[in-house]
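The exercises below ask you to read a structure step by step, and each task is followed by a worked solution. Please keep the sequence and the 3D view at hand while working through them.

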Amino acid sequence: MRYIDLSVSIENGLPVDRPGNGPHIRYQHHRETFAALAQPFAGLAPEDLPDGEAWAVERIDLSTHNGTHMDAPWHYASTMDGGRPAATIDEVPLEWCHRPGVKLDLRHLPDGHVATARDLEAELRRIGHELQPLDIVLVNTAAAARYGQPDYLDAGCGVGREATLYLTSRGVRVVGTDAWSWDAPFSYTARRYAATGDASLIWEGHKAGRIQGYYQMEKLTNLDRLPSTGFQIICFPVKIHKASAGWVRAVAVLP
């Protein structure tokens, strides 16, 4: 078996989240934590430990939407499936998180493009795949090449309402993208809204989950290393009680 890591590292200072929403990691090194380790051990001195080292530990101020993560339906609405309470991240069925993967290469679509059902159908025809229920569909966009760069948040295409419903109507329940969002970058949506006043354009791919709830992974990486089909995806999210998302170590498994 061959494994391909599809998850980015959580790091300080990368421009990959909206301003003010990035993570903050405080690193404490071995010689900085002696007091915490020594507290239960009366009379312990630093020189009593090998090289005078206690432990390394990190404190993190982190959003559930930092790094590679999985959004639950609760993130985009309070209801799904026509009125049922929206599921939270701790409620994702585990059998949805280890399934055959399908990669759709949409890197040819321009930044800000809203992918349609026709776009997805064309790519599925090109790779010769018919979607099966619970396939995990990954969208490879032009955003991946700009991860860590100042324009990452404005990069890549998004998946619109029509295309999202195309997937969920065929039994897809977990999807993913290497872009910041499943939807088109906000900068492009804001221009469309300014020109039309149509609020239904805002987060239309996410909001399609009000009709059929689904889970989506964002900020994936290495999708360009995957074949179109013939691999498994493992993507169990961290179990956070009643949360809108959870961090995920997404991995592709190839024969």
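## Exercise 1: Charged pairs

R107 is partly exposed, with a relative accessible area of 39%, where buried means under 20% relative accessible area, exposed over 50%, and partly exposed in between, computed with a 1.4 Å probe on protein chains only. This is a predicted model in which local features need pLDDT of at least 70 and side-chain atom pairs count only at pLDDT 80 or more, while totals for chains, interfaces and linings use all residues. Residues are numbered from 1 along each chain as its sequence is written, and side-chain values use heavy atoms, with hydrogens and water left out.

Task: Identify the partner with which R107 forms a salt bridge, and state whether that partner is buried or exposed.

Solution. Begin with the criterion: a salt bridge is a side-chain nitrogen of Lys or Arg within 4 Å of a carboxyl oxygen of Asp or Glu. Side chains of opposite charge can pair when their charged atoms come close. Under this criterion R107 pairs with D105, with 2.7 Å between the closest N and O atoms. D105 is buried, its relative accessible area being 17%. Elsewhere, D111, R146 and D151 are joined into one network by salt bridges that share partners.

Next, consider D81 and R84, which also form a salt bridge, their closest N and O atoms lying 2.7 Å apart. D81 is partly exposed at 25% relative accessibility, and R84 is likewise partly exposed at 48%. The count of salt bridges by this rule comes to eight.

## Exercise 2: A buried pair between two loops

Task: Explain which parts of the chain are tied together by the salt bridge of K219 and D17.

Solution. First establish the pair: the closest N and O atoms of K219 and D17 are 2.9 Å apart, and the two residues form a salt bridge. K219 lies in the loop between β12 (215-218) and β13 (231-234), and D17 lies in the loop between β1 (2-5) and β2 (24-28), so the pair ties together parts that are 202 residues apart in sequence. These strands, like the helices, are DSSP runs numbered from the N terminus, with helices (H or I) of at least four residues and strands (E) of at least two.

Then check the surroundings: both K219 and D17 are buried, and for K219 the relative accessibility is 1%.

The loop between β12 and β13 also holds N222, which is partly exposed at a relative accessible area of 24%. N222 has a positive phi of about 65° although it is not a glycine. For comparison, most residues other than glycine have a negative phi.

## Exercise 3: One face of a helix

Task: Work out which residues of α3 are buried, and how they are placed around the helix axis.

Solution. In α3 (residues 117-127), the buried residues are A117, L120, E123, L124 and I127. Seen down the axis of α3, these residues fall within an arc of 130°, so they line one face of the helix; the arc is that of the directions from the helix axis to the C-beta atoms. On the other side of α3, R118, R125 and R126 are exposed.

To see what covers the buried residues of α3, look for contacts, meaning heavy atoms within 4.5 Å; the covering elements include β7 (98-105) and α4 (161-168). The buried residues of α4 are A163, T164, Y166, L167 and T168, and among the elements that cover them are α3, β9 and β11 (174-177). Just after α3, G128 takes a positive phi of about 70°.

## Exercise 4: Nonpolar cores

Task: Find which residues touch the most other members of the largest nonpolar core.

Solution. A nonpolar core is a set of buried Ala, Val, Leu, Ile, Met, Phe, Trp, Tyr and Cys residues joined through side-chain atoms within 4.5 Å. The largest core has 26 residues, of which L6, M70, L138, Y215, M217, L226 and C235 touch the most other members. The elements giving two or more residues to this core are β9 (136-140), β12, β13 and β15 (251-254).

Finally, follow M217: leaving aside residues up to four places away in sequence, its contacts include M70, L138, V175 and C235. Another core, of 24 residues, lies apart from the largest one, and among its members are Y76, A163, Y166 and V175.
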